[in-house]
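Q: Hi! I have just opened this one and would love a friendly walk through it. Could you take my questions as they come?

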Amino acid sequence: MKTVSDASVLIFLGKIRQLHLLEPLFDGPFYLSDLVYREVLTEGLSTEETEYLTQALSPWKTMSPRRPSKPGTQLSLSDWSVVELARQVKAELVLADEKALRNVLVRQHLTVMGTLGILIRATQKKLLTREQTRVLMDALVSSHRFYVSAETYQVFLKRLQADEG
């Protein structure tokens, strides 16, 4: 499945060392823009984090999509590069967490999945147990500044429970 990713999903999955889930879930090929790559591998990462991310992203194809003529103001250039790259490669799936970006992608008739959706799907496919998924979610929120509303968190927990039955 042709998959393009925004930085947030890669950063958060990287923080909890779960980037390896993407290949068995979506097969690829996987694409990211040069701007997203630079955002993910930003200055200030530990050597261990940089090595992990560099290795995990090595199979991904990094591209420089055409720049939009009128990018608008609600998205960053990095976000617009995700939209443009998804169009360019005819992506079947775009990985993104930010609401504004997700809204633009949906208006472009692109299928979108975020970090929580990936964790749910990994649980459904038995790549993670429900308990592992809960622990990873809690680590994202408590240790890695992953923001999720109380309502969204409750929906997430209900989806995990629904998969039990």
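Q: Let's start with Ser-78: which side chain does its own side chain make a polar contact with?
A: That would be Glu-39, and the two side chains come to 2.7 Å in this contact. Keep in mind that we are looking at a predicted model.

Q: Where is Ser-78 found?
A: Ser-78 is in helix H5, which covers residues 77-89.

Q: And is Ser-78 buried or exposed?
A: Buried: its relative accessibility is 9%, and the cut-off for buried is under 20%.

Q: What else does Ser-78 touch?
A: If you skip residues up to four places away in sequence, Ser-78 touches Asp-6, Leu-35 and Val-36, along with Glu-39.

Q: Let me zoom out. How many helices and strands are there?
A: The protein has nine helices and five strands. Reading from the N terminus, their order is β-α-α-β-α-α-β-α-β-α-β-α-α-α.

Q: What about the overall dimensions?
A: The C-alpha atoms fill a box of roughly 50 × 40 × 30 Å along the principal axes. The radius of gyration is 16 Å, which agrees with the value near 15 Å for a compact globule of 165 residues.

Q: What share of the residues is buried?
A: Buried residues make up 45% of the 165. As for the accessible surface, it comes to about 9000 Å², and 50% of that belongs to carbon and sulfur atoms.

Q: How do the contacts spread along the sequence?
A: Take the contacts between residues at least 6 apart in sequence: 68% of them join residues at least 24 apart.

Q: On to rings. How many aromatic pairs does the structure hold?
A: Three. In one of them, Phe-12 and Phe-146 have ring centres 4.8 Å apart and planes at 90°, so this pair is edge-to-face.

Q: Why does 90° make the pair edge-to-face?
A: Because planes over 60 degrees apart count as edge-to-face, and the planes of Phe-12 and Phe-146 are at 90°.

Q: Where do those two sit in the chain?
A: In distant parts, 134 residues apart. Phe-12 belongs to helix H1 (residues 7-15), while Phe-146 is in the loop between helix H8 (130-143) and helix H9 (150-164).

Q: Are they buried or exposed?
A: Phe-12 counts as buried at 15% relative accessibility, and Phe-146 counts as buried at 8%.

Q: Which ring does the charged end of Arg-17 sit over?
A: The ring of Tyr-52, with the charged end 4.6 Å from the ring centre. Arg-17 itself lies in the loop between H1 and H2, and it counts as partly exposed at 28% relative accessibility.

Q: What's up with the backbone of Arg-17?
A: Arg-17 has a positive phi of about 55°, although it is not a glycine. Lys-126 is another non-glycine with a positive phi, in its case about 65°.

Q: Where is Lys-126, and is it buried or exposed?
A: Lys-126 is in the loop between helix H7 (115-124) and H8. Lys-126 is exposed, with a relative accessible area of 65%.

Q: Back to the loop between H1 and H2. What can you tell me about Gln-18?
A: Gln-18 lies in that loop and counts as buried, at 11% relative accessibility. A polar atom of its side chain lies 3.3 Å from the backbone oxygen of Ile-16.

Q: Which residues is Gln-18 in contact with, leaving aside neighbours within four places?
A: Leu-13, Tyr-52, Leu-128 and Leu-136. Tyr-52 also has the ring under the charged end of Arg-17.

Q: Which peptide bond is cis around there?
A: The bond from Gly-28 to Pro-29 is cis, with omega near 5°. Pro-29 is in the loop between H2 and strand E2 (30-33).

Q: One last stop: where is Leu-160?
A: Leu-160 is in helix H9, and at 0% relative accessibility it counts as buried.

Q: What is Leu-160 in contact with?
A: Not counting neighbours within four places in sequence, the contacts of Leu-160 are Ile-120, Thr-123, Arg-130, Thr-133 and Arg-134. The C-alpha atoms of Leu-160 and Arg-130 are separated by 6.5 Å, with their positions 30 residues apart along the chain.

Definitions and conventions. Residues are numbered from 1 along each chain as its sequence is written. This is a predicted model: local features need pLDDT of at least 70, side-chain atom pairs count only at pLDDT 80 or more; totals for chains, interfaces and linings use all residues. Side-chain values use heavy atoms; hydrogens and water are left out. Rings of Phe, Tyr and Trp (its six-membered ring) pair if their centres lie within 6.5 Å; planes under 30 degrees apart count as stacked, over 60 as edge-to-face and the rest as tilted. Helices (H or I, at least four residues) and strands (E, at least two) are DSSP runs, numbered from the N terminus. Buried means under 20% relative accessible area, exposed over 50%, partly exposed in between (1.4 Å probe, protein chains only). A charge sits over a ring if NZ of Lys or CZ of Arg is within 6 Å of the ring centre and within 35 degrees of the ring normal. The radius of gyration is taken over C-alpha atoms; the globule rule is 2.2 Å times the number of residues to the power 0.38. Contact means heavy atoms within 4.5 Å. Accessible areas come from the Shrake-Rupley method with a 1.4 Å probe; for residues, only the protein chains shown count as cover. A polar contact is a pair of N or O atoms within 3.5 Å; within protein, one must be able to donate a hydrogen and the other to accept it, and residues adjacent in sequence count only if both atoms are side-chain atoms.
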